[in-house]
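Reader: Hello! I would love a close look at a single part of this model, with the details spelled out.

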Amino acid sequence: MRTLIYTAFVSLDGVVDSPGGGLPSETHRSGGWTYKDIEFLPEAYELKGRETEEATALMFGRSSYEAFSPLWPDMEDFAALKELPKYVVSTTLGQDALVDNWGDITILRSLEDVAKAKETDGGPIVIHGSATLARNLSDAGLIDRYHLLVFPVLLGAGKRMFSDTDKDKQMLKVVESETYANGITKFVYDVVR
């Protein structure tokens with residue numbers, strides 16, 4: 001069974017919205033909060049490089065796919081991800097909306113389809129962006145690991161990493177943690193089943 005990993009830049013109050021600056025479709029007033037007022041330290045982002053090396057597939061919700069697919073295929077920073085298989089979870093996205101220069105792309109229409117994708121052979125599937133998808137997958141018990149870089153900022157508004165659904169308690173096991181001089185804290189959690 002494949003490991004489904006949700007990776008996120010997250011504010012201390014749980015916001016994952018527009019960390020890099022956002023798109024015109026995102027109106028988050030604090031867009032770009034990961035790069036504003038916080039000193040850049042390369043060592044704080046080592047986890048992101050490791051994810052790129054270990055990922056064997058990527059997963060996105062429709063909105064994140066539509067935001068990333070016009071940009072990431074041609075960006076040098078994401079060259080290692082270009083040919084990886086991609087999964088897009090959407091009930092509305094049509095085949096005609098898929099780009100043809102970004103590896104093999106499969107549309108998954110339901111959480112059941114995500115569960116079936118996890119049952120295939122292969123290594124980790126990494127979810128980037130996709131806050132709504134991540135909340136739904138978490139609520140359904142489909143996420144196996146969280147890779148979080150928590151930023152020392154309170155944003156007050158924006159898409160949250162977790163829903164407020166009344167569900168059973170879910171225990172997490174800390175696999176890795178480190179705090180950096182700029183205040184960013186890395187947490188890697190495995191979901192305890």
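Is Asp13 buried, partly exposed or exposed, and what is its relative accessible area?

Author: Happy to help! Please keep in mind that this is a predicted model. Asp13 is partly exposed, because its relative accessible area is 24%, and buried would mean under 20%.

The partner of Asp13 is a good place to go next. Asp13 forms a salt bridge with Arg160, and their closest N and O atoms are 4.0 Å apart. Asp13 sits in the loop between β1 and α1, while Arg160 sits in the loop between β6 (145-151) and β7, so this pair ties together parts that are 147 residues apart in sequence. Arg160 also counts as partly exposed, at 30% relative accessibility.

This salt bridge belongs to a wider set, as the count comes to twelve. Another of them pairs Asp139 with Lys167, with the closest N and O atoms 2.9 Å apart. That pair links distant parts of the chain, with Asp139 in helix α4 and Lys167 in the loop between β6 and β7, 28 residues apart. Asp139 is partly exposed at 28% relative accessible area, and Lys167 is partly exposed at 35%. Salt bridges with shared partners also join Glu46, Arg50, Glu176, Glu178 and Lys186 into one network.

For a contrast within one helix, look at Lys48 and Glu51, whose side chains meet in a salt bridge at 3.0 Å, N to O. The two residues are three apart in helix α1, so about one helical turn separates them. Both Lys48 and Glu51 are buried.

The loops and helices above lead on to the pockets. The largest pocket holds about 1500 Å³ of space. It is lined by 50 residues, and the closest to its centre are Pro19, Phe68, Trp72, His128 and Gly129. The elements that give two or more residues to this lining are β1 (4-11), α1 (46-54), α2 (62-68) and α4 (131-139). Helix α2 gives the largest share, five residues. By class, the lining has 20 nonpolar, 22 polar and eight charged residues.

The second largest pocket has a volume of about 180 Å³. Lys167, from the salt bridge with Asp139, is among the residues closest to the centre of this pocket, along with Ser138, Tyr146, Gln170 and Val191. Its lining divides into seven nonpolar, three polar and five charged residues.

Definitions and conventions. Residues numbered from 1 in each chain as written. Predicted model: local features only at pLDDT ≥ 70, side-chain atom pairs only at ≥ 80, totals over all residues. Heavy atoms only, no water. 1 Å grid on protein atoms, 1.4 Å probe; cavity = no way out; pocket = protein on both sides within 12 Å on 5 of 7 lines; lining within 4 Å. Points joined across faces, edges and corners; volume = space filled by probe spheres on them. Helix = DSSP H or I, 4+ residues; strand = E, 2+ residues; numbered from the N terminus. Nonpolar A, V, L, I, M, F, W, Y, C, P; charged D, E, K, R; others polar. Buried < 20%, exposed > 50% of the residue type's maximum accessible area, 1.4 Å probe, protein only.
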